[in-house]
4 protein chains.
Amino acid sequence: MTKKRDDTVRDSIIETSIKQFLAKGFVGTSVIEISRAVGIAKGTVYCHFESKEQILDSILDKYAKEFLDGAIDEVSKCEGDFLTRFKVFFKYTTEFGRDHRELMLVWHTLLGEIIGNSSETERKMKEIQGRYTRFLEGLLEGGKKEGMIGKNIDTLIHARIIIATLTGMLLVWYIESPPTDDENKVYVRAFREAILKGMEMPERHSVKKAIIKQKP
Amino acid sequence: MTKKRDDTVRDSIIETSIKQFLAKGFVGTSVIEISRAVGIAKGTVYCHFESKEQILDSILDKYAKEFLDGAIDEVSKCEGDFLTRFKVFFKYTTEFGRDHRELMLVWHTLLGEIIGNSSETERKMKEIQGRYTRFLEGLLEGGKKEGMIGKNIDTLIHARIIIATLTGMLLVWYIESPPTDDENKVYVRAFREAILKGMEMPERHSVKKAIIKQKP
Amino acid sequence: MTKKRDDTVRDSIIETSIKQFLAKGFVGTSVIEISRAVGIAKGTVYCHFESKEQILDSILDKYAKEFLDGAIDEVSKCEGDFLTRFKVFFKYTTEFGRDHRELMLVWHTLLGEIIGNSSETERKMKEIQGRYTRFLEGLLEGGKKEGMIGKNIDTLIHARIIIATLTGMLLVWYIESPPTDDENKVYVRAFREAILKGMEMPERHSVKKAIIKQKP
Amino acid sequence: MTKKRDDTVRDSIIETSIKQFLAKGFVGTSVIEISRAVGIAKGTVYCHFESKEQILDSILDKYAKEFLDGAIDEVSKCEGDFLTRFKVFFKYTTEFGRDHRELMLVWHTLLGEIIGNSSETERKMKEIQGRYTRFLEGLLEGGKKEGMIGKNIDTLIHARIIIATLTGMLLVWYIESPPTDDENKVYVRAFREAILKGMEMPERHSVKKAIIKQKP
DNA sequence: TATGAATGAGGGTTCATTCAT
DNA sequence: AATGAATGAACCCTCATTCAT
């Protein structure tokens with residue numbers, strides 16, 4: 001309601017910056033490169049953002065709003081049990097990653113660059129990351145209550161494992177050339193199953209047996 | 001006795017650069033910051049390295065030599081079956097990650113910054129990463145032949161999944177404050193079990209459905 | 001009205017650079033010295049030139065355009081015989097040398113510094129120098145056809161001698177304190193007569209022996 | 001008598017520096033380049049010279065001693081009339097230029113770079129140049145007394161013209177590819193005749209006639 | 001005498017930011 | 001809002017010189 005005017009240029013700057021930051025990092029990207037890629041003058045960038053750092057901030061906000069809030073929204077709307085909700089979460093995450101490859105990746109790329117800065121931006125990144133972890137922890141906690149994942153599972157640790165896995169998945173996809181759509185599906189399913197197995201009720205079968213008995 | 005002279009300063013520069021690159025990225029770290037942290041003059045850095053980029057190169061070489069070659073060595077020395085070898089690999093990787101936190105992390109930090117550069121350094125990074133992937137693929141291939149992991153498992157894909165998972169694990173550890181040693185063990189075990197389950201023989205239980213019958 | 005904008009600063013940089021290069025050579029002059037002499041910030045130089053080398057390039061272009069093209073123009077406009085044309089050329093050259101002392105001298109100063117560089121700038125200098133030589137050769141060739149200079153005169157060699165003489169004249173003027181206007185005229189006349197005598201028709205008197213019968 | 005010890009290295013440094021200064025100028029040549037070309041360590045240069053500037057000084061001394069003193073010597077030893085002495089001078093100069101191409105050229109190259117410096121070295125260069133001019137002036141003055149060159153010839157001006165011409169000759173040879181030995185001889189003779197004609201007794205024939213009457 | 005690691009001033013260049021138009 | 005010339009700090013790197021060995 002408030003911000004309504006024509007934000008075409010502003011959005012263009014953000015969209016372009018994501019691409020550039022992804023390719024060359026935050027420090028490695030200059031304002032003039034952004035402005036040229038957008039097709040405006042250097043000074044014009046400063047009509048829309050106070051500083052280069054503010055562009056980064058807006059990207060983080062965009063990530064938090066579109067990805068994180070989106071995931072939370074999607075999951076809250078789902079009324080099923082833990083497994084259903086988890087699958088919704090997983091589907092949302094991987095599909096978002098597929099459709100907003102750059103936004104997801106720039107997040108991880110910048111993490112490495114920004115964390116340790118002790119800047120305001122670092123604080124923001126840590127806060128977003130924390131919100132993500134806690135949301136996932138809550139989801140798992142629910143699964144525990146429903147008896148769908150092992151009681152002795154540490155939900156915080158597993159939240160982290162899941163994030164780690166998803167993070168790593170994206171990075172590897174980025175380094176190696178992007179997989180085909182079919183490969184993509186195989187990956188995603190394999191990841192999901194691996195994650196779920198890691199948390200499943202021990203009664204179903206002993207991990208130990210499965211692993212150790214292989215040596216006849 | 002060959003070329004051995006006192007490389008103290010050189011090593012210092014590398015060690016310090018790792019820390020600085022980790023904290024601020026490659027572009028974000030200036031040569032004068034490195035020199036000050038080492039306690040030498042700016043010019044002295046150039047007595048030991050031709051350029052800032054060459055420091056980075058040396059770090060990558062160090063990573064490749066210490067971590068990758070170390071892992072390959074360790075595994076080749078092990079004469080057991082796939083599972084034993086895989087555990088050796090896993091142990092080596094996680095322990096190396098624990099003991100050389102910075103070296104491992106700087107690798108991943110710089111990956112995000114460098115990939116896309118189309119620089120010589122990028123080529124080097126991709127080559128190292130490729131060597132790692134192929135090594136792991138070979139390991140899994142062996143497991144397949146021994147009948148210890150499912151015949152239908154795509155070893156390349158799973159090599160990538162494993163790397164992704166380990167990568168992500170490290171990154172998350174870094175973003176969140178470092179876990180205690182005990183947490184560490186739980187993580188590592190959980191990760192390893194998850195990975196192995198994802199690949200185990202389908203006959204034993206029903207992973208099969210999840211992994212193999214992707215296309216209904 | 002085409003691209004005309006205010007090139008005051010750009011021109012100032014060139015004018016100042018000529019003086020500085022003349023005094024201290026190209027390598028010996030720093031960009032900050034130029035900027036300070038112009039009265040602008042160091043960075044501003046780079047708003048007008050891509051690099052220090054580009055300033056040099058512009059000076060060469062200026063030299064080629066103002067001096068060389070000017071000479072060619074002046075001579076082509078003259079419809080007289082060889083002697084008339086040669087005198088026009090000589091007058092133009094010496095007057096240009098008198099009125100654009102610095103531009104002429106910086107050319108020669110930089111020649112010594114740049115030649116041997118195997119840089120792009122060297123190529124440019126050689127090309128300009130070559131154009132100058134060929135133009136003069138053409139002029140002499142005309143004189144030969146008109147029968148006003150000896151048939152056996154090698155026009156290329158004499159073109160070079162003339163250039164050498166003019167070049168040396170300028171350099172000596174610079175090293176020794178600049179001569180008065182009256183001395184100037186004596187110089188110029190003496191030079192011109194010496195040059196013309198060296199090429200005149202052998203029949204008239206015995207230069208022939210000196211020039212032609214080189215091999216007894 | 002005084003300096004007797006083995007100056008091989010010192011001489012090597014000077015010889016090498018001449019080549020390097022010629023190719024890249026004084027400022028453009030670094031001490032390490034010289035040392036590498038000589039095949040010694042950088043520090044060793046400072047065992048033989050106090051500074052880079054001192055190398056230049058030694059080159060100038062060498063030029064003054066070998067070329068200038070040599071010319072003066074040669075001419076004083078000759079007992080003939082002006083024309084004979086002048087020819088001796090000219091022969092010596094051009095042959096020295098042919099045989100010590102680099103030493104001669106580096107002198108002219110460095111002139112442009114150093115003059116204007118207001119350094120001690122500049123003073124030295126001006127002094128050498130002045131000594132050269134005065135020597136030549138004396139030679140011409142003798143010719144005047146012997147009645148072999150025109151009474152109204154200004155010997156200082158003509159000394160300058162001669163130097164200028166020789167200087168220019170060298171530079172042009174340097175810029176254009178070096179002439180063959182035969183071409184060389186033609187040049188040299190043409191130069192000498194041109195110079196001598198410019199100074200000859202007016203009684204022999206009127207310059208004016210020769211030049212002006214060409215237009216019938 | 002010879003070495004080469006160490007120094008730090010200074011060079012060319014980039015770039016975020018400002019501001020008059 | 002849009003522009004781009006201007007700024008000056010900061011960056012990477014070079015180099016003359018010193019000095020302990």
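**Entry 1: strand F, phosphate contacts**

I began with D:Tyr46, where a polar side-chain atom sits 3.1 Å from a phosphate oxygen of DNA strand F. The model is predicted, and I read each distance as a computed value. In chain A I looked up two further contacts to strand F. The side chain of A:Thr44 has an N or O atom 2.5 Å from a phosphate oxygen of DNA strand F. For A:His48 the corresponding distance, from a side-chain N or O atom to a phosphate oxygen of this strand, is 2.6 Å. I then asked which elements give two or more residues to the surface near DNA strand F. They are helix H3 (42–48) of chain A and helix H3 (42–48) of chains B, C and D.

**Entry 2: strand F, surroundings**

I found 31 residues around DNA strand F, and the closest are A:Thr44, B:Lys42, B:Lys52, C:Thr44 and C:His48. Of the strand F atoms that come within 4 Å of the protein, 66% are accounted for by sugar and phosphate. By class, the surface near strand F holds twelve nonpolar, twelve polar and seven charged residues.

**Entry 3: strand E**

I turned to DNA strand E and looked up a base contact: an N or O atom in the side chain of A:Lys42 is 3.1 Å from a base oxygen of this strand. A:Tyr46 places a polar side-chain atom 3.0 Å from a phosphate oxygen of strand E. At C:Thr29 a polar backbone atom is 3.3 Å from a phosphate oxygen of strand E. The elements giving two or more residues to the surface near strand E are H3 of chain A, H3 of chain B, H3 of chain C and H3 of chain D.

I noted 31 residues around strand E, with A:Val31, B:Thr44, B:His48, C:Tyr46 and D:Thr44 coming nearest. Sugar or phosphate makes up 65% of the strand E atoms within 4 Å of the protein, and bases make up the rest.

**Entry 4: H1 against H4 in chain A**

I checked how helix H1 (residues 8–24) of chain A packs on helix H4 (residues 52–77) of chain A: the angle is about 90 degrees and the axes are 10 Å apart. H1(A) is therefore roughly perpendicular to H4(A). The H1(A) side of the contact includes A:Ile14, A:Ile18 and A:Phe21, and the H4(A) side includes A:Ile55 and A:Ile59. I recorded seven nonpolar, two polar and three charged residues in this contact.

**Entry 5: an aromatic pair**

I counted 48 aromatic pairs over all chains. One of them, A:Phe67 with A:Phe96, is tilted, at 5.2 Å centre to centre and 50 degrees between the planes. A:Phe67 is in helix H4 of chain A and A:Phe96 in helix H5 (residues 82–99) of chain A, 29 residues apart.

How values were computed
Residues are numbered from 1 along each chain as its sequence is written. Chains are lettered from A and ligands numbered from 1 in the order in which they are written. This is a predicted model: local features need pLDDT of at least 70, side-chain atom pairs count only at pLDDT 80 or more; totals for chains, interfaces and linings use all residues. Side-chain values use heavy atoms; hydrogens and water are left out. A residue is near a molecule or strand if one of its heavy atoms lies within 4 Å of it. A polar contact is a pair of N or O atoms within 3.5 Å; within protein, one must be able to donate a hydrogen and the other to accept it, and residues adjacent in sequence count only if both atoms are side-chain atoms. Helices (H or I, at least four residues) and strands (E, at least two) are DSSP runs, numbered from the N terminus. Ala, Val, Leu, Ile, Met, Phe, Trp, Tyr, Cys and Pro count as nonpolar, Asp, Glu, Lys and Arg as charged, and the others, Gly among them, as polar. Axes are lines fitted to C-alpha atoms, for helices over the stretch in contact, and angles run from 0 to 180 degrees between N-to-C directions. Angles under 35 degrees count as roughly parallel, over 145 as roughly antiparallel, 65 to 115 as roughly perpendicular and the rest as oblique. Contact means heavy atoms within 4.5 Å. Rings of Phe, Tyr and Trp (its six-membered ring) pair if their centres lie within 6.5 Å; planes under 30 degrees apart count as stacked, over 60 as edge-to-face and the rest as tilted.
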